[in-house]
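Dear colleague,

Here is the structure I promised to pass on, with my notes set out below it. Please read them with the model open beside you.

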Amino acid sequence: RGGGPVGRSGHARALSRADGSALTGFALTAAVSAASGEPGGGLALLEAALEETGLPARGGIFVGALRGCAAQPGRWEEALAVCGHLEKWIEQDPRRASQPLVVRALTAAIAACDKSAQTAHAIGLLDRFRALGVPPSTEPFSAAICACRHGGEGGAATASGLLATMRRLRVARSAWTFNALVEVYSAAGGRGRDAMALLETMAAEGIEPDEVTYTSVLKACRPTRAEAASLFETARAAANQRAAATARAAEAEAGAEHARADAASAVAAPSAAAGSTGGAASETVPRR
């Protein structure tokens, strides 16, 4: 189909096989996943399917729709709408809350909020799904920590709080968890020491840093804009002081050189005068 929205008949065609039978199960999930590549496409097809057949027996359809939202910025509202349907699906059978696909869907939804710098909504999803009985797990928490990178110093404090919550709830941490936190510190600026300390924390928890970890720590150690400006002013002042000191030294050396030249001239003048007088006297002595 074209790039614009499709109408009801278009959705009906998308939800049907060539023989006219309705798509179900994996086929429906694949169709929604494909449609989610276009903003609004996955949600529209999902809602059309819900209208025709009701809530599906499988939850993979939500994962497909949400991953499309996470792939592009600006689709956080679409992700929240899909989450609304996912919540109803879980409420229909609370046992679904513990399914791994729910964790994948929640992680994708949080990533979609992060992609659009919607930190509050990203963290809010954690609370919404915990209230439904979804067990706290590493991936959604790590994604929520990553979403804190848009909040400056306040975001760094929030991310640190989420890490503390993971410990309190005994949620396993991973390299992704710490990489996300280091990225938050890097975005906040002035948190190089905190980033370095995380390397020790990872070692204590038996988590091996990867290339992303070290790169992010190095980024976090760079100065903030204010610090860089201050360093520049300090360096410029020091350079000016050195230039002034050099100029004063050169001026003093020039003065000393002039003084030495004047002294040499003063010594040479009497000697020249004496030599001249001696020569005149020798000429007036009569020859014998």
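Please keep in mind throughout that this is a predicted model. On the other side of helix H11 from its buried residues, Arg193, Glu200 and Ala204 are exposed, and I begin with this helix because its two sides can be told apart by which residues are buried: Gly192, Ala195, Leu198, Leu199 and Met202. Seen down the axis of H11, those buried residues fall within an arc of 105°, so they line one face of the helix. An α-helix has 3.6 residues a turn, so residues three or four places apart point the same way.

As to what lies over that face, the cover of the buried residues of H11 includes helix H10 (175-188) and helix H12 (211-220). The length of H11 was also checked: at 1.5 Å a residue, its 13 residues (192-204) should span 18 Å, and the end C-alpha atoms are 19 Å apart, which agrees. Just after H11, Gly206 takes a positive phi of about 75°.

For the setting of this helix, the protein chain has 13 helices and zero strands. Of its 288 residues, 37% count as buried, and among contacts with a separation of 6 or more, 68% come from residues 24 or more positions apart. The protein chain exposes about 15,900 Å², of which carbon and sulfur atoms supply 57%.

With best wishes

Definitions and conventions: Residues are numbered from 1 along each chain as its sequence is written. This is a predicted model: local features need pLDDT of at least 70, side-chain atom pairs count only at pLDDT 80 or more; totals for chains, interfaces and linings use all residues. Side-chain values use heavy atoms; hydrogens and water are left out. Helices (H or I, at least four residues) and strands (E, at least two) are DSSP runs, numbered from the N terminus. The expected span of a helix is 1.5 Å times one less than its number of residues. Buried means under 20% relative accessible area, exposed over 50%, partly exposed in between (1.4 Å probe, protein chains only). The arc is that of the directions from the helix axis to the C-beta atoms. Contact means heavy atoms within 4.5 Å. Accessible areas come from the Shrake-Rupley method with a 1.4 Å probe; for residues, only the protein chains shown count as cover.
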